[in-house]
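Student: I have a model open and would like to go through its metal sites and one of its helices. Could we take them one at a time?

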Amino acid sequence: MDDDALAGTRVLVIGGNREAAESLRSQLTAAGSPSVDLVPSLEFVAAHAAAAQPQVVLSLADTDPAAVRARLDPFGLDAGPPVVPLSELVADGEPLRPAGLGRLRLVLEHRAMRARLGELEAIVASQALSALRDTEAIRVDTLARLARAAEYRDDNSPEHTQRVAALAARTAHHMGQEDRMVRLIRHAAPLHDLGKIAIPDSILLKPGRLEPEEYEVVKTHAVLGARVLADGGSEVLGVAEQIARSHHERWEGDGYPDGLAGERIPLVARLVGVADVFDVLVHERPYKEAWTVEDAAREIRSGAATQFDPAVVAAFDALGAGSWIAGIAPG
Ligand SMILES: [Fe+2]
Ligand SMILES: [Fe+2]
């Protein structure tokens with residue numbers, strides 16, 4: 001074993017008689033240790049360790065290593081230097097080198113590797129977490145941009161999609177949906193009319209009433225929007241697809257595009273269906289005046305179990321006027 005096997009390694013030796021401890025010190029120093037602190041008994045070990053900051057503690061035959069560990073790491077946090085009984089390195093009375101020194105090196109290297117591994121695990125975990133957050137943030141941002149694009153093709157004010165999403169999310173929360181689902185609805189619902197991007201201006205922006213065949217073209221916006229959002233590989237896009245496809249379904253099954261009835265209509269679409277109609281009613285459109293909040297709420301109630309899910313209408317009703325017109329504010 002070469003003379004610098006313990007180069008840079010500070011050692012604390014505890015226990016033993018003076019002679020045995022001094023002999024060990026000279027062997028450790030000869031192996032390159034820059035500092036060998038001798039501590040006669042347990043009661044001083046914590047103070048010495050705090051001052052000398054050893055990388056390893058060697059306990060001699062008369063000292064219980066578990067008792068030393070208990071002093072150095074009272075809360076069992078796997079903190080502090082390793083405590084190695086000298087008897088694990090060499091037989092009683094034998095010199096430390098070369099075999100004992102080799103074992104001591106292994107203990108120290110193992111310890112250093114474990115610490116490095118712990119650091120690497122923490123780095124990988126934090127990177128994985130931030131990558132996850134980034135992906136989620138990118139998805140939400142992309143959806144918000146798509147929603148904004150859809151607003152250019154709508155006869156509603158730009159805030160319409162955001163107000164609908166906020167009201168649908170509040171209703172969902174009131175129905176006891178968990179926070180995660182409420183957030184998904186809030187991010188996905190602004191895309192309910194995304195498919196209008198593909199409807200020709202001549203129909204979408206036509207003043208006055210639509211001919212029946214023109215109305216059939218407008219109705220395709222549900223399927224077209226869902227097609228844009230399909231196979232997105234994320235929960236929020238999946239919810240957005242359901243909303244885009246089914247927000248014009250009616251509880252009794254006479255809506256479009258699939259004629260779904262009752263609970264076969266995805267709940268997220270039933271929620272947006274109510275919020276969408278309410279918001280359109282209370283705001284002015286080229287073809288109609290703005291309704292009062294109470295008149296619009298009455299219209300929603302009267303659609304329970306025919307156009308709308310009665311449970312969604314009940315939750316909407318329970319929210320009350322303050323919440324219906326709270327706009328895009330959360331809560
Ligand atoms: Fe729509
Ligand atoms: Fe809408």
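Student: Which residues are the protein donors of the iron ion (ligand 1)?

Tutor: This is a predicted model. The donor atoms lie 2.0 to 2.3 Å from the iron ion (ligand 1). One is an OD atom and the others are NE2 atoms. The residues are D193, H221, H247 and H248.

Student: What is the geometry of the site of the iron ion (ligand 1)?

Tutor: The angles among its 4 donor atoms run from 83 to 174 degrees. Four donors count as tetrahedral if all angles lie between 85 and 135 degrees. The range of 83 to 174 degrees does not fit, and the site is classed as irregular.

Student: How many residues apart are H221 and H247, and where do they sit?

Tutor: The donor residues of this ion, the iron ion (ligand 1), follow the spacing D-x27-H-x25-H-H. H221 belongs to helix α9 (residues 221-229), while H247 is in the loop between α10 (235-246) and α11 (267-282). The pair links distant parts of the chain, and the separation is 26 residues.

Student: Is H221 buried or exposed?

Tutor: A residue is buried when its relative accessible area is under 20%. H221 has 2%, and its fellow donor H247, at 4%, is buried too. H221 is therefore buried.

Student: Which residues coordinate the iron ion (ligand 2)?

Tutor: This ion is 5.1 Å from the iron ion (ligand 1). Its donors lie at 2.2 to 2.3 Å and are two NE2 atoms and one OD atom. Along the sequence they are spaced H-x31-H-x83-D. The residues are H160, H192 and D276.

Student: How many residues apart are H160 and D276?

Tutor: H160 lies in helix α5 and D276 in helix α11, so the pair links distant parts of the chain. Both are buried: H160 has a relative accessible area of 1%, and D276 has 8%. The separation in sequence is 116 residues.

Student: What distance does helix α5 reach from its first C-alpha to its last?

Tutor: Helix α5 covers residues 159-174 and has 16 residues. At 1.5 Å a residue, 22 Å is expected, and the model is close to that. The helix reaches 22 Å.

Student: How many of the residues of α5 are buried?

Tutor: The helix is mostly covered. Its buried residues include the iron donor H160, along with R163, L167 and R170 among others. After α5 comes G176, with a positive phi near 90 degrees. The count of buried residues in α5 is 12 of 16.

Terms used:
Residues numbered from 1 in each chain as written. Chains lettered and ligands numbered in written order. Predicted model: local features only at pLDDT ≥ 70, side-chain atom pairs only at ≥ 80, totals over all residues. Heavy atoms only, no water. Donors = N, O, S within 2.8 Å, 3.2 Å for Na, K, Ca; no water. Tetrahedral: all angles 85-135°; square planar, octahedral: opposite > 155°, others 65-115°. Helix = DSSP H or I, 4+ residues; strand = E, 2+ residues; numbered from the N terminus. Buried < 20%, exposed > 50% of the residue type's maximum accessible area, 1.4 Å probe, protein only. Expected span 1.5 Å × (residues − 1).
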